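Here is a short report on one protein model. It moves from the whole chain to its strands, then to its charged pairs.

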Amino acid sequence: MPWVNRPLPRYEVPAPKVIPYPTSASACHASELRISQGRGGAAAGTLYERLVLTNIGVRTCLLRGYPTISALGPDGIRRALRPHREGFTFFYLVPTNLPSGGHSFIGFATSDVCDNGTRPATIYRQLSVGIANGETVHAGAGVRITEVCGLYLSSFGVPARYTPLAPAPGTPATATVRVQMPASVRAGTVLHYTITLSNPTKTSITLRPCPGYTEGVYASGLVVRRSFALNCDAVHAIGTHEHARYAMELTVPSHAPAGVAKFSWSLNDPNGPFVGRIIRISRR
């Protein structure tokens, strides 16, 4: 397809937003829940642990809010733990309806760098978890949490999901992209290159409405970034396992410095597709 000069407003990728889950179910009861040990990990001087709450009942229910925790310490005394409820967004969890067999989580975090890393860990066992309706769920014998330098607690929930979601079948963002371009371009001239959009899916990709794209060249002291409409005059869809090839143009400013620059091209969609290359700019 030949290039068409149809400029669009500069495209900016939208900032991610949290997508809420449904929370319409009534509260879970303790008899409907089982607690097991989840995955743990460590990063940047912090230990992370997770408890998994499984809905073993037959109905969908809801866990939300912060749990209360009591546990048996290494001295054999049961005590109420008082973890902080903020400070670690690593395990940001959000509430959701919990179907039969579904899972919700509680995240814990503790630092392990206080006292120059010499403070011993305190292991708590035989956990009892209080839920929103005042009932208590007792964890199994193998469930434990660790505290070294303070303890931080998440709310009940599952990992938050953010925009953008995966592209819908048949939309341009499901295409793959390949670029063919020269190794160099002279400042003050037009870079001519081609973009090939391929459809690897089993659903035809519709180009209505006609998508836009953004092309750019970036180097020290140089930022060229422009958005245009794709040429959809003749091709309105890309069939399954087919492709469409487009001629492209990008004007390189006369003041562009000589040297290596980064080239990028993407459809104007948070999911892309995206492609990039290195190109050399010459002054003669």
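The protein has zero helices and 27 strands. Helices (H or I, at least four residues) and strands (E, at least two) are DSSP runs, numbered from the N terminus. The radius of gyration is 27 Å, well over the 19 Å that the globule rule gives for 284 residues, so the protein is more spread out than a compact globule. That radius is taken over C-alpha atoms, and the globule rule is 2.2 Å times the number of residues to the power 0.38.

This is a predicted model: local features need pLDDT of at least 70, side-chain atom pairs count only at pLDDT 80 or more, and totals for chains, interfaces and linings use all residues. Residues are numbered from 1 along each chain as its sequence is written, and side-chain values use heavy atoms, with hydrogens and water left out.

**The whole chain**

Along the principal axes, the C-alpha atoms fill a box of roughly 80 × 50 × 30 Å. Buried residues make up 43% of the 284 residues. Buried means under 20% relative accessible area, exposed over 50%, and partly exposed in between (1.4 Å probe, protein chains only). Of the contacts (heavy atoms within 4.5 Å) with a separation of 6 or more, 75% join residues 24 or more positions apart.

**Strands and pairing**

Strands of a sheet pair through backbone hydrogen bonds, either parallel or antiparallel. Here, two strands pair if DSSP finds at least two bridges between them.

One open sheet has three strands in the order β18-β20-β25, with antiparallel pairing. β18 (176-180) and β25 (243-251) stand at the edges with a single partner strand each, so one side of each has no neighbour in the sheet. Strand β20 (residues 190-198) pairs with β25 over nine bridges, in the antiparallel sense. Within that pairing, Tyr193 stands opposite Met248 in β25.

Now look at strand β7 (residues 68-72). Four bridges join β7 to strand β12 (residues 122-130), and the two run antiparallel. Four bridges also join β7 to strand β8 (residues 78-81), again antiparallel. What stands opposite Ser70 in β12? Ser128 does. In β8, Ala80 stands opposite Ser70. The hairpin of β7 and β8 has five residues between the strands, and Gly76 there takes a positive phi near 85 degrees.

**Salt bridges**

Side chains of opposite charge can pair when their charged atoms come close. A salt bridge is a side-chain nitrogen of Lys or Arg within 4 Å of a carboxyl oxygen of Asp or Glu. By this rule the count comes to six. The table includes three of them.

| Pair | Closest N to O |
|---|---|
| Asp233 and Arg6 | 2.9 Å |
| Arg225 and Glu12 | 3.6 Å |
| Glu32 and Arg59 | 2.6 Å |

Asp233 lies in the loop between β23 (222-229) and β24 (237-238), and Arg6 in the segment before β1 (7-8), so this pair ties together parts 227 residues apart in sequence. Asp233 is partly exposed at 48% relative accessibility, and Arg6 is partly exposed at 35%.

Arg225 in strand β23 and Glu12 in the loop between β1 and β2 (18-19) are 213 residues apart. Arg225 is partly exposed, at 22% relative accessibility. Arg10, Glu12 and Arg225 are linked in a network of salt bridges.

Is Glu32 buried or exposed? Glu32 counts as buried, at 9% relative accessibility. Its partner Arg59 is partly exposed, with a relative accessible area of 25%.
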